[in-house]
Amino acid sequence: MKKITLTSIEVEQLQLESKQLQLEFTEKDLNEQGIWRMAYTEEEVEEKIGPSRGIITSNSKQAEMATSELKIQTRFDALERYQIPIVIPKNTGGNTLHKIKAAPNAVIPEHKHSHGIGSFRIVTKGEVIFNGVKYGPGDWFWVPTGETEHLVAGPEGFEGLYNYVWEQVDGRFEKEK
């Protein structure tokens with residue numbers, strides 16, 4: 001059987017039709033096709049951990065619950081990620097915050113992201129070599145959508161905060177590139 005590549009318009013039409021037909025896929029089904037969750041919607045966050053309104057801190061109940069309830073499977077075994085339980089509403093463009101943790105000496109191969117506008121990243125612990133340059137705690141970088149990236153964790157691994165910037169937050173999934 002010949003495989004085809006869908007245009008972005010065809011993908012949008014497929015999404016609309018799958019909702020109308022009430023087709024359901026598990027995340028595992030999508031992962032097997034190289035499609036990975038990038039963020040939870042505001043509604044999904046609320047469903048999983050309750051309302052996230054008002055002041056939320058790293059010591060709040062929602063933050064504690066996020067480490068398990070908002071965990072996001074990545075395509076890289078050496079990388080753990082969960083979404084911080086703050087979602088900027090859709091009508092403002094949208095941002096989702098994620099905490100990232102990479103194993104010691106983990107290599108995240110060269111890849112590109114196709115979602116949103118880009119991501120702003122801050123190293124909070126350890127060190128990482130990003131596209132050949134070493135970054136440590138407090139260092140940051142902006143990665144526009146479509147740019148090639150390659151990361152290597154330091155000998156103690158690294159942790160960071162990633163802020164994905166979206167045109168809108170709608171429970172994005174992305175096709176592996």
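## Salt bridges, helix H4 and selected loop residues

By the rule applied here, the structure has 3 salt bridges. The model is a predicted one. The points below cover the three charged pairs, then helix H4, a buried threonine in the loop that follows H4, two residues with positive phi and a nonpolar patch on the surface.

**Salt bridge Glu159–Lys99**

- The side chains of Glu159 and Lys99 form a salt bridge with an N to O distance of 3.7 Å.
- Because Glu159 belongs to strand E8 and Lys99 to strand E3, this pair ties together parts that lie 60 residues apart in sequence.
- Strand E8 covers residues 149-165, and strand E3 covers 95-102.
- Glu159 has a relative accessibility of 16% and therefore counts as buried, the cut-off being under 20%.
- Lys99, at 29% relative accessibility, counts as partly exposed.
- Besides Lys99, Glu159 touches Ile100 and Lys101, and further along the chain Ile122, Val123, Thr124 and Lys125; residues up to four places away in sequence are not counted.

**Salt bridge Arg121–Glu149**

- Arg121 and Glu149 make a salt bridge in which the closest N and O atoms are 2.6 Å apart.
- This pair also links distant parts of the chain, with Arg121 in strand E5 and Glu149 in strand E8, 28 residues apart.
- Arg121 and Glu149 are both buried.

**Salt bridge Lys134–Glu127**

- Lys134 pairs with Glu127, and their closest N and O atoms are separated by 3.7 Å.
- Lys134 has 54% relative accessibility, so Lys134 counts as exposed.
- Glu127 counts as partly exposed, at 30% relative accessibility.

**Helix H4**

- Helix H4 spans residues 61-69, and its buried residues are Gln62, Ala63 and Ala66.
- These three fall on the same side of H4 because they cover an arc of only 95 degrees around the axis.
- An α-helix has 3.6 residues a turn, so residues three or four places apart point the same way.
- Lys61, Glu64 and Ser68 are exposed on the other side of H4.
- Ala66, a residue of helix H4, has 0% relative accessibility and so counts as buried.
- Leaving out residues up to four places away in sequence, Ala66 touches Ile49, Lys71, Tyr82, Gln83 and Pro85.
- For Ala66 and Pro85, which are 19 residues apart along the chain, the C-alpha atoms are separated by 6.3 Å.

**Thr74, in the loop after H4**

- Thr74 sits in the loop that runs between H4 and strand E2, the strand being residues 79-87.
- Thr74 is buried, with a relative accessible area of 9%.
- A polar atom of the Thr74 side chain lies 3.2 Å from the backbone oxygen of Leu79.
- Thr74 is also in contact with Trp36 and Arg81, as well as with Leu79, when neighbours within four places in sequence are left aside.

**Positive phi outside glycine**

- Asn105 has a phi near 60 degrees, a positive value in a residue other than glycine.
- Asn105 lies in the loop between strand E3 and strand E4, which covers 107-111.
- The relative accessibility of Asn105 is 49%, so Asn105 counts as partly exposed.
- Asn131 has a phi near 50 degrees, again a positive value in a residue other than glycine.
- The loop that holds Asn131 lies between E5 and strand E6, residues 133-135.
- Asn131 counts as partly exposed, at 40% relative accessibility.

**Nonpolar surface patch**

- Ile117, Ile122, Trp140, Trp142 and Leu161 make a nonpolar surface patch of about 470 Å².
- One of these residues, Ile122, is found in strand E5, which covers residues 118-130.
- Ile122 counts as partly exposed, with a relative accessibility of 30%.
- Ile122 is also among the residues that Glu159 touches.

Methods:
Residues are numbered from 1 along each chain as its sequence is written. This is a predicted model: local features need pLDDT of at least 70, side-chain atom pairs count only at pLDDT 80 or more; totals for chains, interfaces and linings use all residues. Side-chain values use heavy atoms; hydrogens and water are left out. Buried means under 20% relative accessible area, exposed over 50%, partly exposed in between (1.4 Å probe, protein chains only). Helices (H or I, at least four residues) and strands (E, at least two) are DSSP runs, numbered from the N terminus. The arc is that of the directions from the helix axis to the C-beta atoms. Patches are made of residues with over 30% relative accessible area and no salt bridge: like charges are joined within 9 Å, nonpolar side chains (Val, Leu, Ile, Met, Phe, Trp, Tyr) within 5 Å. Accessible areas come from the Shrake-Rupley method with a 1.4 Å probe; for residues, only the protein chains shown count as cover. A salt bridge is a side-chain nitrogen of Lys or Arg within 4 Å of a carboxyl oxygen of Asp or Glu. A polar contact is a pair of N or O atoms within 3.5 Å; within protein, one must be able to donate a hydrogen and the other to accept it, and residues adjacent in sequence count only if both atoms are side-chain atoms. Contact means heavy atoms within 4.5 Å.
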